[in-house]
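I opened my notebook to look up a few things in this structure. Here are my entries, in the order I made them.

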Amino acid sequence: DPTRTEMARPPAAAADLKRKRKRRRRPKAGKGAAADLPDFFSNLPDDVVLAIANRLPTRLAVTLSVLARRFRHLPTLYSHLDSVRFSGPASPVPLPASQPKLLRRLDIAPPKRIKPSALRHVINAAANHGLSELAVRLHRRVCLPKNVFAIRSLAVLSLNTCSVPPLSAVACARLRTLKLHRVFIKQVVLTAILSAATGLRTLEMFHCTGLDAGCTVESLTVRSFLFMPNVEQREVTLRAPGLRTITLHTRPKTQKVHLEPSPDVSKVYLHVAKSQEKVLFRMRPFLDAATGLASLTLRGCAVKLLAGEYKDIAKLPITFEGLRILSVSLDFSRESEAVFLVKLLQSCPSLQQLTVSAAENKMTEASFSFADHKKMLAKASCLTNSLLKIKFLGFKSGEYEKDLLVFLLNRTNKLKKIGVQFPASEETAVKWALSVRPAPIERRSTMFNKGYLQLEYT
């Protein structure tokens with residue numbers, strides 16, 4: 001009986017009988033849409049193919065050599081290479097001395113089994129081909145080959161997680177960018193590099209060791225400076241009169257920070273960590289000389305220290321005509337910091353963006369009122385003439401903060417956007433303050449796990 005036979009089969013076997021597999025027929029050679037198109041590229045002369053490959057990035061140009069056996073010899077004929085990465089015993093792209101190749105960038109990130117002495121021939125070979133950018137990442141405290149600082153054509157040098165040995169001679173006068181991330185370096189070596197690099201423009205020092213006693217950076221040509229010290233670093237001294245941009249962080253163990261005046265500085269970011277020890281921080285000469293300042297950010301205890309330096313005068317001695325962006329973090333329980341904020345606003349007639357961050361404090365209510373500073377703040381011309389955006393971070397329902405927010409809403413004539421970040425418990429107080437000036441557009445979101453309410457005015 002066919003019914004019994006089909007029932008006796010397993011379910012999988014019965015399903016396979018019902019299904020009919022349809023195999024796709026492969027087209028024969030010489031047939032199909034791809035085969036009908038003419039192959040113009042393979043018939044090009046080697047000179048034309050080489051001219052095309054020289055205009056491509058190195059990664060794409062080397063990939064071209066895998067397409068056919070005819071193109072395998074092309075990498076040895078390229079006139080320049082965009083970048084080469086060394087991570088093994090041999091370089092992935094040969095650099096024979098007979099060929100006049102130009103190598104732009106070389107990345108060195110060898111494994112632990114390769115000794116640093118094996119990198120010397122790679123660096124020497126790259127130096128003979130006009131190397132301009134070099135990035136080296138070694139294992140912790142592994143000594144860097146000395147011939148790195150003997151490359152005369154080097155313009156960008158990035159060192160990460162390595163140690164710089166004592167140098168007898170430095171020949172990198174064309175160096176324009178120096179990045180030291182987690183590098184062990186002595187002050188004598190750093191001074192020698194900065195003295196030899198007469199064209200240095202950008203300097204970054206991030207968690208460098210070997211400078212626990214103190215770090216002194218002195219250069220006449222540095223324009224951009226980023227500094228984040230090691231945990232144990234205690235002193236920082238900067239002498240760069242031609243500085244344009246500075247980003248400076250300190251640690252709790254930092255005891256002394258000395259900044260020489262830089263009249264041409266335009267962007268300043270200062271984060272002074274809270275320290276239990278007495279901090280000798282003199283920034284008033286630096287700030288008084290910054291006549292072309294366009295952006296100023298003060299974080300940590302920077303406002304507290306500056307308020308102490310300017311407490312004896314009723315108004316700042318300088319007017320920041322070009323200051324457009326101001327961001328400060330202050331403790332509203334300290335009257336000196338609130339007064340310094342008012343002094344800053346009086347000295348910024350063209351301010352467009354204001355960000356105020358309320359620092360965490362144990363005191364919930366200030367011992368002074370906003371009425372004491374209202375007349376001073378009313379003299380700030382930026383509130384009525386230029387201020388466009390306001391951002392209030394860490395808002396709390398203190399009387400001073402609420403009165404300040406309401407005053408800013410009523411005083412600013414050209415306000416386009418205001419945003420307030422607040423904990424969930426302060427939502428009612430924020431809505432009450434913002435109701436003074438309703439907006440047609442209201443956006444709700446979160447910022448750093450806290451509520452954020454933004455109003456946009458047309």
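**Entry: a salt bridge beside a helix**

Is Arg334 buried, exposed or partly exposed? I looked up its relative accessibility and found 38%. Buried means under 20% and exposed means over 50%, so Arg334 counts as partly exposed. I note here that the model is predicted.

Next I looked for a partner. Arg334 forms a salt bridge with Glu337. The closest N and O atoms are 3.6 Å apart. Glu337 has a relative accessible area of 5%, so I put it down as buried. Glu337 falls within the residue range of helix H10, residues 335-346.

**Entry: strand S15 and its neighbours**

H10 led me to the strands on either side. S15, H10 and S16 make a β-α-β unit, and this unit is right-handed. I then checked how the two strands pair. S15 and S16 (residues 353-358) are parallel, with six bridges between them. I picked out one pair: Leu330 has Ala358 in S16 as its bridge partner.

Then I turned to S14, residues 295-300. S14 and S15 also run parallel, and four bridges join them. To get from S14 to S15, the chain passes through helix H9, residues 302-309. This β-α-β crossover is right-handed. Here too I picked one pair: Thr297 has Ser327 in S15 as its bridge partner.

Why do I call S15 largely enclosed by the rest of the structure? I looked up burial along residues 325-330. Five of the six residues are buried, so the label holds.

**Entry: on to strand S12**

I followed S14 to another partner. S12 and S14 pair through six bridges, in the parallel sense. Thr297 turned up again, now as the bridge partner of Tyr269. So far, then, my notes link Thr297 to Ser327 in S15 and to Tyr269.

S12 has a further parallel partner, S10 (residues 245-249), with five bridges joining them. Ile246 stands opposite Val268 in S12.

Which residues of S12 make its covered face? I listed Val268, Leu270 and Val272. The uncovered face has Lys267, Tyr269 and His271. Val268, opposite Ile246, is thus on the covered face. Tyr269, the partner of Thr297, is on the uncovered one.

**Entry: more salt bridges**

How many salt bridges does a search of the whole structure find? I noted 16. I looked at some of them one by one.

Glu260 and Arg239 meet through their side chains, at 3.9 Å from N to O. Glu260 lies in the loop between S11 and S12, and Arg239 lies in strand S9, so this pair ties together parts that are 21 residues apart in sequence. Glu260 has 28% relative accessibility and counts as partly exposed. Arg239 is partly exposed too, at 33%.

Arg105 and Asp107 form another salt bridge, with the closest N and O atoms 3.0 Å apart. Arg105 is partly exposed at 23%, whereas Asp107 is buried at 17%. I then saw that this pair belongs to a network of salt bridges. Arg104, Arg105, Asp107 and Glu133 are linked in it.

**Entry: a patch on the surface**

I looked for nonpolar residues at the surface. Val48, Ile52, Leu56 and Leu60 make a nonpolar patch of about 310 Å². I checked Val48 in more detail. Val48 lies in helix H4, residues 46-53. Its relative accessibility is 36%, so I class Val48 as partly exposed.

**Entry: two more helices**

What span should helix H13 have? It has 13 residues, and at 1.5 Å a residue these should span 18 Å. The C-alpha atoms at the ends are 18 Å apart, which agrees. I also looked up burial in H13. Its buried residues include Tyr400, Leu404, Phe407 and Leu408. The charged names Glu401 and Lys402 are on that list as well.

My last lookup was Leu377, in helix H11 (residues 371-378). Leu377 is buried, with a relative accessible area of 1%. I compared its position with that of Leu341. The two are 36 residues apart in sequence, yet 9.2 Å apart in space, C-alpha to C-alpha.

Definitions and conventions
Residues are numbered from 1 along each chain as its sequence is written. This is a predicted model: local features need pLDDT of at least 70, side-chain atom pairs count only at pLDDT 80 or more; totals for chains, interfaces and linings use all residues. Side-chain values use heavy atoms; hydrogens and water are left out. Buried means under 20% relative accessible area, exposed over 50%, partly exposed in between (1.4 Å probe, protein chains only). Two strands pair if DSSP finds at least two bridges between them. A crossover is right-handed if, with the strands pointing away from the viewer, the path from the first strand over the helix to the second runs clockwise. Patches are made of residues with over 30% relative accessible area and no salt bridge: like charges are joined within 9 Å, nonpolar side chains (Val, Leu, Ile, Met, Phe, Trp, Tyr) within 5 Å. Accessible areas come from the Shrake-Rupley method with a 1.4 Å probe; for residues, only the protein chains shown count as cover. A salt bridge is a side-chain nitrogen of Lys or Arg within 4 Å of a carboxyl oxygen of Asp or Glu. The expected span of a helix is 1.5 Å times one less than its number of residues.
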